[in-house]
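Reader: I should be grateful for a close look at a single part of this structure. Please describe its setting and its contacts in one connected account.

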Amino acid sequence: MAEQAAFDYTETPPPGGATATSKEPQMMIARALAIACLACAAALPAAAAEIVYYADLSGAAESPPNASPGTGWTRVTIDFDAVTMRVEASFADLLGVTTVAHIHCCTASPDSGTAGVATQTPTFGGFPIGVTSGSYDNTFDMTQASSYNAAFITANGGTVDGAFSALTMGMAGSMAYMNIHTDLFGAGEIRGFLHAVPEPETYALMLLGLAAVGAAARRRPGRSG
């Protein structure tokens, strides 16, 4: 019996109408994914310096839930280079008037339970008080003890570095929440757990990776027969 010729199917299709195996598209897809991963890795140092967290606020998210028609949102931006925390918030239709607002951390499990106040007390500086609707935007220097609840610092090694690490880890684990308290709901009228928001650059890299995979699949050579 004549010995069959061996072909490298990873580069060119075999001659004589032979059918290529599935190794070629698999290899091309693997190469495309590797390129996409390298692009993501190159972008990580810039993206990692700043992380944005977001939460929708509602009475249903309180523990226990309440029937408040109040709604709101918050966006928290952690800048690890500057060691700052920007807190933006907007709220409306509260039943009570605002008394204090904080970020609480860290619950025993993600997206559930309650925890003590982690941030500035008695309330965020400049937060609108005595109203049923409003907005807020302030940036805190997280190297300063005044940006935290003193009890939170004590519970995390007695230093602001320990407190900052605990707070950011709690946010990353979905174990920190924004809470707006009112005169009718002392424990909080609306709250929401913070979750990381992918940056536009992250979406762009993901799309580039998917596009590369799709292009590799479309470049499969046609079968002759």
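Author: **Glutamate 189 and its surroundings**

Glutamate 189 is located in the loop that runs between β6 (176–182) and β7 (190–193), where strands are DSSP runs of E with at least two residues, numbered from the N terminus. The model is a predicted one, in which local features need pLDDT of at least 70, side-chain atom pairs count only at pLDDT 80 or more, and totals for chains, interfaces and linings use all residues. Residues are numbered from 1 along each chain as its sequence is written, and side-chain values use heavy atoms, with hydrogens and water left out.

Glutamate 189 counts as buried because its relative accessibility is 0%; buried denotes under 20% relative accessible area, exposed over 50%, and partly exposed in between, with a 1.4 Å probe and protein chains only.

Beyond the neighbours within four places in sequence, the residues in contact with glutamate 189 include Ser58, Gly59, Glu62, Asn66, Leu94, Leu95, Gly96 and His181, a contact being heavy atoms within 4.5 Å. Asparagine 66 is 123 residues away along the chain, yet its C-alpha atom is separated from that of glutamate 189 by 7.3 Å.

Two further members of the contact list, Ser68 and Thr182, also take part in polar contacts. The side chain of glutamate 189 makes one of 2.6 Å with the side chain of serine 68, and another, of 2.8 Å, with the side chain of threonine 182. A polar contact is a pair of N or O atoms within 3.5 Å; within protein, one must be able to donate a hydrogen and the other to accept it, and residues adjacent in sequence count only if both atoms are side-chain atoms.

Conventions. Helices (H or I, at least four residues) and strands (E, at least two) are DSSP runs, numbered from the N terminus.
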